[in-house]
Structures are given as structure tokens and as C-alpha cells.
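Dear colleague,

I am passing on the structure we spoke about, and below it you will find what came out of the analysis. Please read it with the model open beside you.

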Number of protein chains: 2
Amino acid sequence: MKLSVKVDYACRVLVQLTRMHGRAELAHIEELARLEAVPANYLVQILSELRNGGLIMSRRGKQGGYALAKRPEDVSLYDIVKLIEGDVLELGGAIEGQSGKSVARAWREVRTALEEKCREITLAQLAVRTGEEMYYI
Amino acid sequence: MKLSVKVDYACRVLVQLTRMHGRAELAHIEELARLEAVPANYLVQILSELRNGGLIMSRRGKQGGYALAKRPEDVSLYDIVKLIEGDVLELGGAIEGQSGKSVARAWREVRTALEEKCREITLAQLAVRTGEEMYYI
DNA sequence: CCCCTCGTGAAACTCTCCGTAAAAGTTGAT
DNA sequence: ATCAACTTTTACGGAGAGTTTCACGAGGGG
């Protein structure tokens, strides 16, 4: 159960966009790719999904680029994961067998706890943290 | 981010073994496969992993079969996921980019919350619940 | 010895993830 | 109007993981 590189990329880029939030010019793909170490051609797809999901806006043309579409404190980890990976911790197969229901219910409880935790963490918090010392828990 | 069919199968079978815990005879693969709707040939592999991980024990020969190796209240969802899927919510790629550390730290917090929740739910609880009415939260 | 059961490895299949590339569309500047 | 820069769209393909099935080997009991 590992979280995909894609959602990690998406989070990093969104944090970067948060840091650029007050800026006059829009952010370019090449710029974002360099700052966050994401393959530019892959980033194209991710930005497209983020745009369709309403998290960012884009402008075409010579002075085009990307910017956040919402306030940083209104975008949580949950929004990002839900958009990129779909439902969180969804059950793969069908609910079958004598213990299927019982196990499914347990996972639903875990999923709820996970979602609540993800909703607590917003882009605003992540951007502020950047550059701080890292202490391992 | 969906949890694999394999870990679902493992949980169901372990709950079933919990229900058989006091029994005289050991549980057969065919029996478990039928009761929990798991492909028998696939179940062999899963049981093998559970055995190597110390959660169950097995005996070959005419009166062979499987049984729990621990007390049901000492086996949690966390133990099962950790054994079958490896680390929970581990980060796929490397920690890179300006925001890499910040995002990684956020995910570590989420992972901790998830692990704590998984540790709370034991096989004993899951076996008791079976057959109860299901209420959606 | 023979049957019954688990044990192990590998092949095949599907599917998603990750990354690349080329073509098409849009905007602003000259 | 035309060109150049930039984004968007679309398609493709390798790599790897998850799921399933099969075949054969190993061990224990009657």
C-alpha cells in the first residue's frame, strides 16, 4: 500500500504554486518541473487533471501559465488525493464470503479516520513549513 | 489509492480462522476458500505468506490444515497489512524538489494516524462482529 | 506403499503507472 | 495578417505489480 508518485508530484507542485500565489506572472511548466524535480512531460498530464478538477487555472498564449484557483487554506490533502487517485482506500474486489461484511466495515472505519486526517492538512500549512528544519517523529 | 484484493482475502480468511479457533481439527484450504469466496490456488500463496509471517501455523499430511498461531486479540489489521503489503502508505519516489520534505512530512503524519487506527482493530473484534446488522455511518 | 494434504515455483494474463512524443489549438506581439 | 511562444490534447509503449491458474515436489498418516 504505497501512495503513487503522481500524487506526490501533484502535492509538490501545488505547494510550489502556493508559494508563488501573490506573484504577478503565471508559473510555467518548465519552471515548476525544475523547482520540484518532476518530469516536465509527465507534469503536463498532472496539471491537466488538476485544472479539470478546479484546483488550478491556466492561461494559454505567450504570457500563459498556471496559478492556484482557490485560496491555499481551502485546498486540503484530501482534495488532491481524491482528485488524482479517486476514492481513498476503496475496496478492490467484491464483498463476499462469511466475513466479507465485517472486514469491509472495519476498512470503512479506517478510511474515515484517514480522510479526516487528510482534511486537516492544507496547502497553506504545507507552504509555510517549507524550509523549516525537519525533525523525525 | 485502493487496497488490494489480496489483503482483503487475507483478512477474511483470518477472521474465519478466528471463528474456528476452539475447534479440534485444523481448517483445510478448500474449506476456507469456499467459506470466504477466495480462489483456492491463490489462497495457497496467501496462507504461505501468513505462515512465514508467523500469524498462522500449518500441518501437512492426512490430518493437516491451518490454524491461528496467536490469540485473536493479539493480531491487528496493522499486522496483516504490514505483512501482506509491506509498509503502509510508503512514499513511492524520492524526496526531491523544494517542497519534497514538506510534503513527505505531511504524509508521515497521515501514515501515523492510519497505523494507529489499524492497530486498534483486532481479529477478535472482527470475528465477534460477523453476522451483526450493518449500519452505514 | 498409497493417499491426502500442504509447499513452491513459474507461466500467463490483465491492468495501472510512469514517461515520451508528436500534433493541434490558443494567445499575444510585430 | 502573420509569426512565434506557449499550452492543450491525444496517442503510444515499456515496465512493473496484482491476480489467477497450473504443475510438480514434499511430508505425514493409514
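By class, the surface near DNA strand D is made up of ten polar, eight charged and seven nonpolar residues. Please keep in mind throughout that this is a predicted model. In total 25 residues surround DNA strand D, and the closest are Ser58(A) and Tyr66(A) together with Val5(B), Tyr42(B) and Gln45(B). As for the elements involved, at least two residues each are supplied by α3 (40–52) and β2 (56–59) of chain A, and likewise by α1 (5–19) and α3 (40–52) of chain B; the largest share, four residues, comes from α3(A).

Which parts of DNA strand D lie within 4 Å of the protein, sugar or phosphate, or bases? Of the atoms of the strand within that distance, 72% belong to sugar or phosphate, and the rest belong to bases. Individual side chains illustrate both kinds of approach. On the phosphate side, a polar side-chain atom of Ser58(A) lies 2.2 Å from a phosphate oxygen of DNA strand D, and an N or O atom in the side chain of Tyr42(B) is 3.4 Å from a phosphate oxygen of that strand. On the base side, an N or O atom in the side chain of Gln45(B) is 2.7 Å from a base oxygen of DNA strand D.

Turning to the protein–protein interface, the contact takes 51 residues from chain A and 51 residues from chain B. The size of an interface is often given as the accessible area lost when the parts come together. Between chain A and chain B the buried area is about 5100 Å², of which carbon and sulfur atoms give 64%. The rule finds zero salt bridges across this interface, whereas the count of residue pairs in polar contact, with both residues at pLDDT 80 or more, is 20.

On the side of chain A that touches chain B, the elements that give two or more residues are β1 (2–3), α1 (5–19), α2 (29–36), α4 (77–85), β4 (90–91), α5 (100–120) and α6 (123–129) of chain A, and the largest share, 14 residues, comes from α5(A). The residues of that side divide into 25 nonpolar, 17 charged and nine polar.

Finally, there is strand pairing between the chains: β1(A) is joined by two bridges to β4 (residues 90–91) of chain B, and the two strands run parallel. Within this pairing, Lys2(A) stands opposite Glu90(B) in β4(B).

With best regards

How values were computed: Residues are numbered from 1 along each chain as its sequence is written. Chains are lettered from A and ligands numbered from 1 in the order in which they are written. This is a predicted model: local features need pLDDT of at least 70, side-chain atom pairs count only at pLDDT 80 or more; totals for chains, interfaces and linings use all residues. Side-chain values use heavy atoms; hydrogens and water are left out. A residue is near a molecule or strand if one of its heavy atoms lies within 4 Å of it. A polar contact is a pair of N or O atoms within 3.5 Å; within protein, one must be able to donate a hydrogen and the other to accept it, and residues adjacent in sequence count only if both atoms are side-chain atoms. Ala, Val, Leu, Ile, Met, Phe, Trp, Tyr, Cys and Pro count as nonpolar, Asp, Glu, Lys and Arg as charged, and the others, Gly among them, as polar. Contact means heavy atoms within 4.5 Å. Buried area is the accessible area (1.4 Å probe) that two parts lose on being put together, summed over both. A salt bridge is a side-chain nitrogen of Lys or Arg within 4 Å of a carboxyl oxygen of Asp or Glu. Two strands pair if DSSP finds at least two bridges between them.
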